[in-house]
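Student: Please take a close look at one buried part of this model and then place it in the rest of the chain. I would like the cut-offs stated along the way.

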Amino acid sequence: MELPLVVGVDGSEPSLRAVDWATDEAALRGVPLRLVYASLWERYEGAALAEGVGRPAEQVMADDVVEAAARRAHRRAPEVKVTTDVLPDDAASVLLNEAHTAAALVVGSRGRGGLAELLLGSVSVTVAGRAACPVIVLRGNQDNQARVRTHRRVVLGVGEGPHGTAATRFAFEEAEVRKATLDAVRAWRCPAYESADDPLLEGEPARLHEQRAAEIMEAALGKAAAAHPAVDLHRRTAEGGARRILLDASDDADLLVVGVRRHHGLAGLQLGRVAHTLLHHSACPVAVVPQRG
């Protein structure tokens with residue numbers, strides 16, 4: 001059974017844009033779409049109370065939200081199988097639980113109710129930092145229009161060695177289904193003290209750091225590139241901070257893919273500075289892909 005794309009919906013325009021984006025993505029991938037709404041009405045009001053007075057307003061609203069989102073998805077891509085659910089928990093817990101049986105989670109950059117101020121609060125950071133599957137946060141396109149294939153370009157921030165395998169594989173798959181170019185980017189820096197010690201070696205340390213970046217990139221891309229020969233792959237090493245370089249690359253991309261390490265038994269948020277910055281400032285959607293390490 002194919003795992004679905006899961007979207008957290010709350011009726012806001014950004015969450016409906018996430019439904020549009022995920023519907024197009026599900027059609028591209030040929031996978032089902034699952035729409036979930038997090039609601040705590042039953043926990044606080046109680047099932048007995050609900051039976052005594054009829055359906056509470058919160059339950060009615062929740063059902064209306066997911067039904068409207070399902071109709072929207074069906075109009076956009078009738079061939080995509082859509083399921084819905086209203087789940088009695090907070091938004092972060094619902095999405096983290098759904099992640100165990102999802103191909104990916106898709107969330108809007110802002111919402112209301114349980115998803116209010118998504119990127120400025122804790123929900124998206126918590127989900128991106130802890131989810132067991134890739135999390136796609138809908139950055140960019142703040143006119144609430146979903147655009148899956150505007151530039152036909154996917155950007156991959158290349159990480160270290162084997163820890164980047166999952167993100168690399170995800171980026172190749174996305175580029176392939178979108179028929180997009182894949183730009184693999186590896187940032188590098190040369191510490192100032194290395195270039196200042198000996199005037200005769202000026203430029204040599206920088207060359208070595210750049211060469212090392214290229215070697216890391218080749219090691220990270222090798223197997224995935226061989227498995228996806230049809231993907232138009234561009235490799236680029238760039239001097240500077242990874243956050244700035246990837247933010248610049250997001251300006252004309254359809255998707256920016258980065259990996260984050262998951263550590264067994266480690267509680268708390270596990271987003272690094274690069275992923276955290278991209279979630280807040282990227283000009284395009286960001287896919288945060290979990291990797292064990």
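**Helix α6 and its surroundings**

Tutor: In α6, the buried residues are Val 123, Ser 124, Val 125, Thr 126, Val 127, Ala 128 and Gly 129. Buried means under 20% relative accessible area, exposed over 50%, and partly exposed in between, with a 1.4 Å probe and protein chains only. The helix spans residues 123–130 and is mostly covered, with seven of its eight residues buried. Helices (H or I, at least four residues) and strands (E, at least two) are DSSP runs, numbered from the N terminus.

This is a predicted model, in which local features need pLDDT of at least 70 and side-chain atom pairs count only at pLDDT 80 or more, while totals for chains, interfaces and linings use all residues. Residues are numbered from 1 along each chain as its sequence is written, and side-chain values use heavy atoms, with hydrogens and water left out.

One partner of α6 is Ala 92, which lies in helix α5 (residues 91–98). Ala 92 is itself buried, at a relative accessible area of 14%. Apart from neighbours within four places in sequence, Ala 92 is in contact (heavy atoms within 4.5 Å) with Val 123, Thr 126 and Val 127. An α-helix has 3.6 residues a turn, so residues three or four places apart point the same way. From Ala 92 to Val 125, the C-alpha distance is 9.3 Å across 33 residues of sequence.

The stretch of residues 111–121 has pLDDT (the predictor's confidence in each residue, from 0 to 100) under 50 throughout, and the model gives it 31 contacts beyond four places in sequence. Where pLDDT is low, the predicted coordinates should not be read in detail. The chain averages 82, and 76% of the residues score at least 70. Among its elements, strand β6 (residues 153–157) has the highest mean pLDDT, 97, and helix α3 (residues 47–53) the lowest, 49.

Cysteines come next. Cys 133 is buried at 3% relative accessible area, and Cys 284 is buried at 1%. The structure holds zero disulfides, a disulfide being a pair of cysteine sulfur atoms within 2.5 Å.

Elsewhere, helix α1 (residues 13–29) and helix α7 (residues 165–178) have axes that come within 9 Å and cross at roughly 85°. That makes α1 roughly perpendicular to α7. Axes are lines fitted to C-alpha atoms, for helices over the stretch in contact, with angles from 0 to 180 degrees between N-to-C directions; under 35 degrees counts as roughly parallel, over 145 as roughly antiparallel, 65 to 115 as roughly perpendicular and the rest as oblique. Trp 21, Glu 25, Leu 28 and Arg 29 of α1 meet Phe 170, Glu 174, Val 177 and Arg 178 of α7. By class, this contact has four nonpolar, no polar and four charged residues.

Lys 179 lies in the loop between α7 and β7 (181–188). Lys 179 is exposed at 69% relative accessible area and has a positive phi, near 55°. Arg 152, in the loop between β5 (135–138) and β6, also has a positive phi, of about 55°; Arg 152 is partly exposed, at 40%. Most residues other than glycine have a negative phi.

Finally, His 228 sits in the loop between α9 (204–227) and β8 (232–239). At 12% relative accessibility His 228 counts as buried, and beyond four places in sequence His 228 is in contact with Phe 172, Glu 173 and Glu 176.

Conventions
Ala, Val, Leu, Ile, Met, Phe, Trp, Tyr, Cys and Pro count as nonpolar, Asp, Glu, Lys and Arg as charged, and the others, Gly among them, as polar.
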